Amino acid sequence: MAVHHLLRRGISGGSPLHPLRGLLLVSQASSAAAGDAVAELRGAREDVKQLLKEKSCHPILVRLGWHDAGTYDKNISEWPQCGGANGSLRFEIELKHAANAGLVNALKLIQAIKDKYAGVTYADLFQLASATAVEEAGGPKIPMIYGRVDVSAPDQCPPEGRLPAAGPPSPAEHLREVFYRMGLNDKEIVALSGAHTLGRSRPERSGWGKPETKYTKNGPGAPGGQSWTSQWLKFDNSYFKDVKERRDEDLLVLPTDAVLFEDSSFKIYAEKYAEDQDTFFEDYAEAHAKLSNLGSKFDPPKGVSLD
């Protein structure tokens with residue numbers, strides 16, 4: 001009900017309210033609703049933490065949040081045509097995009113949490129799960145805000161082809177084409193690449209990596225795949241060290257990884273992050289938060305914080 005109606009009539013249609021009292025009641029109702037939303041989000045965050053302990057699913061939850069947000073196109077002003085973190089990845093048509101192979105498993109993992117906290121949107125849950133996974137793996141605290149609005153139908157999904165590929169002919173050019181389209185810069189490209197310290201590449205999904213290595217043959221989780229780092233459930237700066245040194249044939253280096261130490265601009269940041277984990281964590285947290293907000297429509301407009 002519009003505020004001017006609340007001022008003219010009682011909240012339940014009874015006696016007229018004094019204007020100031022009417023505004024107070026509206027403010028109290030808004031505050032209560034915001035409080036309920038924050039409580040649900042906090043509850044969902046605790047359940048995500050428990051899920052991570054039980055399933056060791058940190059990498060796929062990071063990927064889920066990234067791939068929902070990473071379709072953003074800064075050159076399109078209309079929402080939701082611009083893509084981004086809007087919950088569209090829950091729809092089958094987008095889950096079937098080649099770059100999203102396997103992410104249906106992530107959706108299945110968190111669906112029970114979504115059902116439990118019905119007031120939490122998919123867009124928020126995807127980003128909450130992603131940030132929480134980084135933090136619980138030992139990564140930096142990410143300055144997240146919530147209140148994202150979901151798209152409502154599959155026809156609002158973005159077209160296929162907006163996400164980065166692993167082995168393009170010109171890796172540096174490809175990374176810039178994809179990430180510049182999102183409004184990100186070279187420092188943010190390199191910092192975000194550091195999230196490959198988590199997880200494995202599975203050849204049956206991406207066409208890249210070994211079927212298994214000494215680091216992945218026993219899990220945790222489903223065994224197999226090839227990881228970028230030896231401790232692939234720990235978030236640190238090992239990715240940059242390992243890509244730079246390339247001393248272990250059981251560790252994966254994709255063309256888009258190698259180019260971080262070959263391109264003159266990327267190399268500045270990659271070298272820095274290999275030497276200084278604190279700087280990497282600071283830059284990563286800022287870049288992850290920025291990525292998580294791309295293309296999002298917030299209610300309330302400035303979002304809400306859980307901390």
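## A salt-bridge tour

Start with the whole chain: 69% of the contacts between residues at least 6 apart in sequence join residues at least 24 apart. Keep in mind that this is a predicted model. Colour by secondary structure and you'll get 13 helices and 2 strands. Switch to burial, and 51% of the 307 residues come up as buried. Turn on the surface too: about 14,400 Å² is accessible, with 52% of that belonging to carbon and sulfur atoms.

Now for the charged pairs, 17 salt bridges in total.

**Select Arg45 and Asp307.** These two form a salt bridge, with the closest N and O atoms 3.4 Å apart. Arg45 sits in helix 2 (residues 19-55), while Asp307 is in the segment after helix 13 (277-293), so you're looking at a link across 262 residues. Buried or exposed, what is each partner? Arg45 is buried at 13% relative accessibility, whereas Asp307 is exposed at 64%.

**Keep Asp307, add Lys141.** Here's another salt bridge, 3.3 Å from N to O. Lys141 is in the loop between helix 6 (122-136) and helix 7 (171-182), so this pair ties together parts that are 166 residues apart in sequence. Lys141 counts as partly exposed, at 48% relative accessibility.

**Add Glu135.** With that, you have the whole network on screen: Arg45, Glu135, Lys141 and Asp307, joined by salt bridges that share partners.

**Finally, jump to Lys96 and Glu92.** Their salt bridge has its closest N and O atoms 3.1 Å apart. Lys96 is exposed at 61% relative accessible area, and Glu92 is exposed as well, at 53%.

Methods: Residues are numbered from 1 along each chain as its sequence is written. This is a predicted model: local features need pLDDT of at least 70, side-chain atom pairs count only at pLDDT 80 or more; totals for chains, interfaces and linings use all residues. Side-chain values use heavy atoms; hydrogens and water are left out. Helices (H or I, at least four residues) and strands (E, at least two) are DSSP runs, numbered from the N terminus. Buried means under 20% relative accessible area, exposed over 50%, partly exposed in between (1.4 Å probe, protein chains only). Contact means heavy atoms within 4.5 Å. Accessible areas come from the Shrake-Rupley method with a 1.4 Å probe; for residues, only the protein chains shown count as cover. A salt bridge is a side-chain nitrogen of Lys or Arg within 4 Å of a carboxyl oxygen of Asp or Glu.
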